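Please walk through this structure with the sequence at hand, moving from one helix to the sheet and then to the core and the disulfides.

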Amino acid sequence: MRDLVGRLRSSGQIRNSTTVHDLAQCSSGHLNPRLYPDRPVVSLMLQYFRRPAGIPHMVSLLERCSQQMPVELLVNVDSPEEGATWAELAWSTRGRLVPVFSANVHEIRAYNRMAALARGRVLVVLQDDDTVQPADCSWLHPLLRQFDSMPRLGMVGLKSYRRGNGPEGNLERWPDTYHLFSDSGTGNFFTFPLQVDYAPMALRRSALLNVGGVDEGMSDVGECGIMSDWELSIRMWAAGWQVGFMPLVSRGRVDDKEGTTHSPKSVRRCWGRQMHQGGLVYGARWGNGWGAGPGRFLERLENHIRILNLRTLARNYTHCPFRKGCDHLEGDPPLPPAYQHFFSYDPHPPVDA
């Protein structure tokens with residue numbers, strides 16, 4: 001502080017009579033919550049429903065991650081009959097594990113509830129049937145470096161991604177193509193996709209709150225949130241944030257128990273009704289409506305993301321991964337004829353004003 005006061009005096013920015021004490025009182029008028037000693041940097045967020053075999057793994061994950069940096073674990077407990085177990089864990093971890101007792105609200109509403117309570121600036125969404133490797137949580141450091149180096153980065157997929165709509169013409173979705181781009185500034189394998197999948201997934205908390213969270217209208221209470229991750233990705237782009245993918249972790253199974261969304265009694269409701277309902281919202285908001293194709297907006301957005309990758313990232317590919325090619329870094333080149341049918345759009349859109 002003395003050195004700072006000396007420099008400010010010599011440059012004429014403060015009066016010669018200004019003291020260290022004066023500046024200390026002035027700077028105390030607005031505190032920086034990041035400097036609180038127990039403030040978590042990362043909030044892990046777990047959607048949990050009747051999978052006790054996964055509890056020891058998640059507690060162990062909290063402990064290992066806490067050795068890397070300040071971390072908290074929020075758990076949306078959708079089976080409140082197990083409340084005593086989670087309340088004891090909150091006590092034994094001295095509040096670093098925060099249970100949120102719900103009644104089978106499922107993932108969309110769970111993520112919004114936990115994000116509202118989280119104190120970390122980066123949120124990492126987890127699911128209760130996964131283990132995450134590397135087990136020592138060393139992957140948190142490159143993840144934080146990427147968020148810090150890209151102030152507009154709002155969302156990072158850690159599972160899988162799509163470069164564009166539909167299966168045609170792009171090298172996409174699964175992480176076997178993760179090496180195609182990297183960020184020279186951080187040294188991380190990194191790419192900008194159109195949309196990323198749950199989970200694991202990382203979110204800048206301020207960005208998630210800025211866009212209004214996950215759209216709770218995309219699923220019924222107690223049902224899975226199919227396509228809400230894709231819709232959130234597009235909404236991030238539309239709001240001026242960026243979406244990335246990083247191959248930082250691999251997943252394993254907590255046990256051999258089938259996930260509830262894939263159980264015989266749930267698969268039709270989840271992958272039938274909820275995917276249909278989510279598709280209606282996604283198509284109506286960002287495309288030409290359900291079953292009418294992605295349309296011109298998503299074609300233009302895909303092209304914007306293509307150019308962003310090519311201009312800002314190091315290229316490691318041998319074959320261009322974009323259906324609009326890798327040569328044009330300006331404008332919006334036409335689609336190759338083989339893909340034009342997929343992006344055909346109605347000249348009389350559903351909303352015309």
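Against which strands and helices do the buried residues of helix 5 pack? In this predicted model, the buried residues of helix 5 pack against strand 1, strand 2, strand 3 and strand 4, and also against helix 7 (205-210) and helix 8. Because 9 of the 12 residues of helix 5 are buried, this helix is largely enclosed by the rest of the structure. The buried residues include His106, Glu107, Arg109 and Asn112, along with Ile108, Tyr111 and Met114. The length of the helix can be checked as well: at 1.5 Å a residue, its 12 residues should span 16 Å, and the end C-alpha atoms lie 17 Å apart, which agrees.

The strands that helix 5 meets belong to an open sheet, in which 7 strands follow the order 3-2-1-4-10-6-11 with mixed pairing. Strand 3 (97-101) and strand 11 (242-245) are the edge strands, each of them pairing on one side only. On average, and with direction ignored, neighbouring strands of this sheet are turned by 20 degrees against each other. Strand 4 (residues 122-127) pairs with strand 10 (residues 201-204) in the antiparallel sense over 4 bridges, and within this pairing Leu203 of strand 10 is the bridge partner of Leu123. Helix 5 (residues 106-117) packs on the sheet by touching strand 1 (42-48), strand 2 (71-77), strand 3 and strand 4, and its direction makes about 150 degrees with that of strand 1. Helix 8 (residues 228-238) packs on the sheet too, where it touches strand 6 (153-157), strand 10 and strand 11, with its direction at about 150 degrees to that of strand 6.

As general background, nonpolar side chains in soluble globular proteins tend to be buried together. Here the largest nonpolar core holds 88 residues, of which Val42, Leu44, Val124, Trp139, Leu143, Leu203 and Met236 touch the most other members. Helix 3 gives the most to this core, with 6 residues. For Trp139, leaving aside residues up to four places away in sequence, the residues touched are Val124, Val132, Pro134, Leu158, Leu248 and Val249.

Helix 3 also leads to the disulfides, of which a search of the whole structure finds 2. One of them joins Cys65 to Cys137, with an S to S distance of 2.0 Å. This pair links distant parts of the chain, since Cys65 sits in helix 3 (residues 55-66) and Cys137 in the loop between strand 5 (130-133) and helix 6 (140-149), 72 residues apart. The torsion about the S-S bond of Cys65 and Cys137 is about -60 degrees, so this disulfide is left-handed, and both cysteines, Cys65 and Cys137, are buried.

Another disulfide joins Cys320 to Cys326, again with S to S 2.0 Å, and its link, with 90 degrees about the S-S bond, is right-handed. Are the two cysteines of this link buried or exposed? Cys320 counts as partly exposed because its relative accessibility is 31%, whereas Cys326 has a relative accessible area of 10% and is therefore buried.

A last stop is Ser92, which has its place in helix 4 (residues 83-92). With a relative accessible area of 46%, Ser92 is partly exposed. Ser92 and Ala116 stand 24 residues apart in sequence, and the distance between them in space is 23 Å, C-alpha to C-alpha.

Key. Residues numbered from 1 in each chain as written. Predicted model: local features only at pLDDT ≥ 70, side-chain atom pairs only at ≥ 80, totals over all residues. Heavy atoms only, no water. Pairing = 2+ DSSP bridges. Helix = DSSP H or I, 4+ residues; strand = E, 2+ residues; numbered from the N terminus. Axes fitted to C-alpha atoms, helices over the stretch in contact; angles between N-to-C directions. Contact = heavy atoms within 4.5 Å. Disulfide = S-S within 2.5 Å. Buried < 20%, exposed > 50% of the residue type's maximum accessible area, 1.4 Å probe, protein only. Core = buried A, V, L, I, M, F, W, Y, C linked by side-chain atoms within 4.5 Å. Expected span 1.5 Å × (residues − 1).
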